[in-house]
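Colleague: Please take a close look at a single part of this model and describe how two of its helices pack. I would also like an account of one residue in that part.

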Amino acid sequence: MGEKELEGASSDPMDGGLIEENCTYRLVQKLAEGGMGAVYEAIQYGVEGFDKRMAIKTILESYTNNFEFVRMFIGEAKLVADLVHENIVQVYQLGRSNKSYYIAMEYVDGINLENYIDHHFEVKKGLPVELGAFIVSRICRGLEYAHNKLGRDGQPLNIVHRDISPKNVLINFEGVVKLTDFGIAKARQLMKQKEGEVLMGKVEYMSPEQARFGETDRRSDLFSLGIVLYEILTGHHIFSVEDIYETLENVKHKEIPDPRAYNPDIPEDLVKIVMKA
């Protein structure tokens with residue numbers, strides 16, 4: 001694809017004033033595209049030959065005039081700006097190029113968990129139980145940090161990710177696991193919640209309260225993470241069927257089957273963890 005430039009501005013306080021400097025990003029290649037946005041590999045250029053590999057998240061042109069989506073996009077950047085943790089993808093800047101906003105964030109050189117799971121089961125090997133438990137334990141670390149995060153006023157932010165799924169978990173080639181995409185997260189005072197009005201998230205990984213348009217808290221994220229762990233260990237989707245409305249009904253009512261029905265090698269202690277989640 002052709003290379004493209006985005007220009008933003010960074011400010012440095014000095015003697016009560018602000019010094020403006022242009023900060024240029026060159027888009028190298030598209031990494032992923034979803035329903036409303038895309039993520040690119042990019043190079044950030046600074047003075048004296050400085051450059052840094054980054055990821056740039058943009059809004060698709062067809063959605064730049066969608067006020068609600070733009071609001072959520074800006075909200076994600078503001079929410080994640082102060083979340084600094086090894087297991088969460090770091091956000092560096094919210095910028096604007098022409099009429100569209102973009103988020104500059106940490107580049108993760110690796111693979112998302114969805115592709116990682118699919119590859120293992122395609123070659124009929126499955127993910128080792130110990131490796132699956134390790135991956136989810138790292139997501140737990142990132143979530144615990146986010147759930148307990150305090151705002152600058154010292155009060156709990158009450159963050160709920162609301163979109164825990166294998167696609168939103170990245171694993172770099174050094175084995176570090178990172179949670180990303182807080183685009184539909186909610187937090188005190190930072191975003192309009194919309195709970196009870198709009199169904200947000202990937203249906204097959206939702207908690208029952210999400211599926212019922214109910215209010216969510218950190219337990220909703222843990223339920224969704226339990227579904228992810230179940231899938232890692234068994235290669236089986238608990239709720240997902242072709243019909244989205246039937247999937248929603250499964251989320252709300254279906255009894256969770258014992259994962260050992262699909263993988264008898266799962267240790268008893270890990271089964272208890274999955275079922276509790």
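**Helix 2 against helix 5**

Modeller: In this predicted model, the contact is made by Leu-113, Ile-117 and Phe-121 on the helix 2 side, which meet Val-228, Glu-231, Ile-232 and Thr-234 of helix 5. By residue class, this contact of helix 2 with helix 5 has five nonpolar residues, one polar and one charged.

As for geometry, helix 2 covers residues 113-122 and helix 5 covers residues 218-234. Their axes lie 10 Å apart and make an angle of about 25°. Angles under 35 degrees count as roughly parallel, so helix 2 is roughly parallel to helix 5. The crossing of helix 2 past helix 5 is left-handed.

The residue to examine is Arg-218, which lies in helix 5. Arg-218 has a relative accessible area of 39%. Values between 20% and 50% count as partly exposed, so Arg-218 falls in the partly exposed class.

Setting aside neighbours within four places in sequence, Arg-218 is in contact with His-147, Asn-148 and Val-160. For His-147 there is a specific atom to name: its backbone oxygen is reached by the side chain of Arg-218 at 3.0 Å. That distance can be set against the 3.5 Å limit for a polar contact.

Arg-218 can also be placed relative to Asn-158. These two residues are 60 residues apart along the chain, and their C-alpha atoms are separated by 7.9 Å.

Note on methods
Residues are numbered from 1 along each chain as its sequence is written. This is a predicted model: local features need pLDDT of at least 70, side-chain atom pairs count only at pLDDT 80 or more; totals for chains, interfaces and linings use all residues. Side-chain values use heavy atoms; hydrogens and water are left out. Axes are lines fitted to C-alpha atoms, for helices over the stretch in contact, and angles run from 0 to 180 degrees between N-to-C directions. Helices (H or I, at least four residues) and strands (E, at least two) are DSSP runs, numbered from the N terminus. Angles under 35 degrees count as roughly parallel, over 145 as roughly antiparallel, 65 to 115 as roughly perpendicular and the rest as oblique. A crossing is left-handed if the near helix is turned anticlockwise from the far one by less than a right angle, and right-handed if clockwise. Contact means heavy atoms within 4.5 Å. Ala, Val, Leu, Ile, Met, Phe, Trp, Tyr, Cys and Pro count as nonpolar, Asp, Glu, Lys and Arg as charged, and the others, Gly among them, as polar. Buried means under 20% relative accessible area, exposed over 50%, partly exposed in between (1.4 Å probe, protein chains only). A polar contact is a pair of N or O atoms within 3.5 Å; within protein, one must be able to donate a hydrogen and the other to accept it, and residues adjacent in sequence count only if both atoms are side-chain atoms.
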